[in-house]
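Subject: Structure for you to look at

Dear colleague,

Here is the structure I said I would pass on. Please open it alongside the notes below.

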Amino acid sequence: EECERSIAKSAINPSKKAWEKYLAEVIGPNYSPLRSHTLQAIHLIAFVHLSIARHCSFCTSAAVATGAVNTLGNKGAVAIYLRIGK
(Lines give C-alpha, C1' and ligand atoms only; values in the text may rest on other atoms or scores of the structure.)
Protein backbone atom coordinates (compact mmCIF):
# COMPACT_ATOMS: atom_id res chain seq x y z
CA GLU A 1 0.00 0.00 0.00
CA GLU A 2 1.21 3.50 -0.77
CA CYS A 3 2.51 5.36 2.27
CA GLU A 4 1.02 8.79 1.52
CA ARG A 5 -0.78 8.96 -1.80
CA SER A 6 -1.68 6.87 -4.82
CA ILE A 7 0.82 5.85 -7.48
CA ALA A 8 -0.64 8.39 -9.91
CA LYS A 9 -0.47 11.23 -7.39
CA SER A 10 3.05 10.17 -6.37
CA ALA A 11 4.18 10.69 -9.98
CA ILE A 12 3.30 14.36 -9.59
CA ASN A 13 4.33 14.83 -5.95
CA PRO A 14 6.82 12.15 -4.79
CA SER A 15 7.58 13.79 -1.40
CA LYS A 16 7.08 11.52 1.61
CA LYS A 17 8.01 14.04 4.33
CA ALA A 18 4.83 13.43 6.37
CA TRP A 19 5.49 9.66 6.34
CA GLU A 20 9.11 10.16 7.40
CA LYS A 21 8.03 12.46 10.24
CA TYR A 22 5.49 9.87 11.42
CA LEU A 23 8.07 7.06 11.38
CA ALA A 24 10.58 9.19 13.31
CA GLU A 25 7.96 9.87 15.98
CA VAL A 26 7.05 6.18 16.25
CA ILE A 27 10.59 4.80 16.59
CA GLY A 28 11.62 7.52 19.01
CA PRO A 29 14.42 9.97 19.70
CA ASN A 30 17.21 7.39 19.87
CA TYR A 31 17.13 6.96 16.09
CA SER A 32 17.94 9.40 13.33
CA PRO A 33 17.01 9.20 9.65
CA LEU A 34 20.15 8.40 7.69
CA ARG A 35 18.96 8.29 4.10
CA SER A 36 15.75 8.00 2.14
CA HIS A 37 14.90 7.38 -1.50
CA THR A 38 11.63 7.49 -3.40
CA LEU A 39 10.49 6.01 -6.69
CA GLN A 40 6.94 7.26 -7.17
CA ALA A 41 4.94 5.47 -4.43
CA ILE A 42 7.84 3.23 -3.36
CA HIS A 43 9.68 4.79 -0.44
CA LEU A 44 12.58 3.47 1.60
CA ILE A 45 14.13 5.14 4.63
CA ALA A 46 17.01 3.94 6.80
CA PHE A 47 17.19 5.01 10.43
CA VAL A 48 20.31 4.58 12.54
CA HIS A 49 20.59 4.29 16.30
CA LEU A 50 22.41 7.33 17.65
CA SER A 51 24.98 5.13 19.41
CA ILE A 52 26.33 3.82 16.08
CA ALA A 53 25.66 6.82 13.82
CA ARG A 54 29.31 7.89 13.96
CA HIS A 55 30.33 4.49 12.60
CA CYS A 56 28.15 4.81 9.48
CA SER A 57 29.74 6.01 6.27
CA PHE A 58 29.46 5.82 2.51
CA CYS A 59 25.68 6.00 2.52
CA THR A 60 24.13 6.06 -0.93
CA SER A 61 20.84 5.14 -2.54
CA ALA A 62 19.44 4.35 -5.97
CA ALA A 63 16.23 3.49 -7.76
CA VAL A 64 15.48 1.44 -10.85
CA ALA A 65 12.22 2.04 -12.68
CA THR A 66 10.87 -1.02 -14.50
CA GLY A 67 7.42 0.26 -15.44
CA ALA A 68 6.35 1.06 -19.00
CA VAL A 69 9.40 1.34 -21.27
CA ASN A 70 11.57 0.97 -18.14
CA THR A 71 11.05 4.65 -17.34
CA LEU A 72 7.85 4.88 -15.32
CA GLY A 73 8.21 4.29 -11.61
CA ASN A 74 4.97 2.39 -11.13
CA LYS A 75 7.15 -0.71 -10.83
CA GLY A 76 10.76 -1.07 -9.81
CA ALA A 77 12.94 -0.99 -6.74
CA VAL A 78 14.82 1.30 -4.38
CA ALA A 79 17.88 0.45 -2.31
CA ILE A 80 20.04 2.03 0.34
CA TYR A 81 23.65 1.05 0.93
CA LEU A 82 25.69 2.04 3.93
CA ARG A 83 28.89 0.93 5.57
CA ILE A 84 28.99 0.34 9.33
CA GLY A 85 32.51 0.30 10.71
CA LYS A 86 35.73 0.43 8.75
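What follows is an account of the fold, then of the residues that stood out.

The model is predicted, not experimental. Please read every value below as computed from that model.

Overall fold

The protein has two helices and four strands. In order from the N terminus, these elements run α-α-β-β-β-β. Of the 86 residues, 20% count as buried. The accessible surface comes to about 5,900 Å², and carbon and sulfur atoms account for 58% of that. Among contacts with a separation of 6 or more, 45% are between residues 24 or more positions apart.

Helix H2: the salt bridge

Helix H2 covers residues 17-27, and several of the findings sit there. The structure holds one salt bridge. Its partners are the side chains of Lys17 and Glu20, at 3.8 Å from N to O. Both residues belong to helix H2 and are three residues apart, about one turn of the helix.

How do the two partners stand with respect to solvent, buried or exposed? Lys17 counts as exposed because its relative accessibility is 58%, and the cut-off for exposed is over 50%. Glu20 has a relative accessible area of 13%, so it falls under the 20% limit and is buried. The salt bridge therefore joins an exposed lysine to a buried glutamate.

Which residues does Glu20 touch, leaving aside its neighbours within four places in sequence? Glu20 is in contact with Ser36, His43, Ile45 and Phe47.

Helix H2: aromatic pair and nonpolar patch

The structure holds two aromatic pairs. One of them is formed by Trp19 and Tyr22, which are stacked, with 5.7 Å centre to centre and 25 degrees between the planes. Trp19 and Tyr22 also both lie in helix H2, three residues apart, which is about one turn. Trp19 counts as partly exposed because its relative accessibility is 29%. Tyr22 is likewise partly exposed, at 44%.

Tyr22 has a second role in this list, as a member of a nonpolar surface patch. The patch is made by Tyr22, Val26, Ile27 and Tyr31 and has an area of about 380 Å². Helix H2 contributes the largest share of it, three residues. Ile27 is in helix H2 and, with a relative accessibility of 36%, counts as partly exposed.

Strand S3: Phe58 and its partner

Strand S3 spans residues 56-65 and includes Phe58. Phi of Phe58 is near 45 degrees, a positive value in a residue other than glycine. Most residues other than glycine have a negative phi. You may want to look at the backbone of Phe58 for that value.

Phe58 is exposed, because its relative accessible area of 51% is over the 50% cut-off. The second aromatic pair involves this residue: Phe58 and Tyr81 are edge-to-face, with 5.7 Å centre to centre and 80 degrees between the planes. The pair links distant parts of the chain, with Phe58 in strand S3 and Tyr81 in strand S4 (residues 76-84), 23 residues apart. Tyr81 is partly exposed, with a relative accessible area of 42%.

Cysteines

How many disulfides does the structure hold? The count is zero. Cys56 is in no disulfide, and the nearest cysteine sulfur, that of Cys59, is 7.7 Å away. Cys59 is in no disulfide either, with the sulfur of Cys56 as its nearest cysteine sulfur. A disulfide needs the two sulfur atoms within 2.5 Å, so at 7.7 Å these two do not qualify.

Cys56 counts as buried because its relative accessibility is 16%, which is under 20%. Cys59 is partly exposed, with a relative accessible area of 25%.

Where to start

For a first look, I would go to helix H2, which holds both Lys17 and Glu20 of the salt bridge as well as the Trp19 and Tyr22 pair. After that, strand S3 is the place to find Phe58, with its positive phi and its edge-to-face partner Tyr81.

Regards

Terms used. Residues are numbered from 1 along each chain as its sequence is written. This is a predicted model: local features need pLDDT of at least 70, side-chain atom pairs count only at pLDDT 80 or more; totals for chains, interfaces and linings use all residues. Side-chain values use heavy atoms; hydrogens and water are left out. Patches are made of residues with over 30% relative accessible area and no salt bridge: like charges are joined within 9 Å, nonpolar side chains (Val, Leu, Ile, Met, Phe, Trp, Tyr) within 5 Å. Accessible areas come from the Shrake-Rupley method with a 1.4 Å probe; for residues, only the protein chains shown count as cover. A salt bridge is a side-chain nitrogen of Lys or Arg within 4 Å of a carboxyl oxygen of Asp or Glu. Buried means under 20% relative accessible area, exposed over 50%, partly exposed in between (1.4 Å probe, protein chains only). Contact means heavy atoms within 4.5 Å. Rings of Phe, Tyr and Trp (its six-membered ring) pair if their centres lie within 6.5 Å; planes under 30 degrees apart count as stacked, over 60 as edge-to-face and the rest as tilted.
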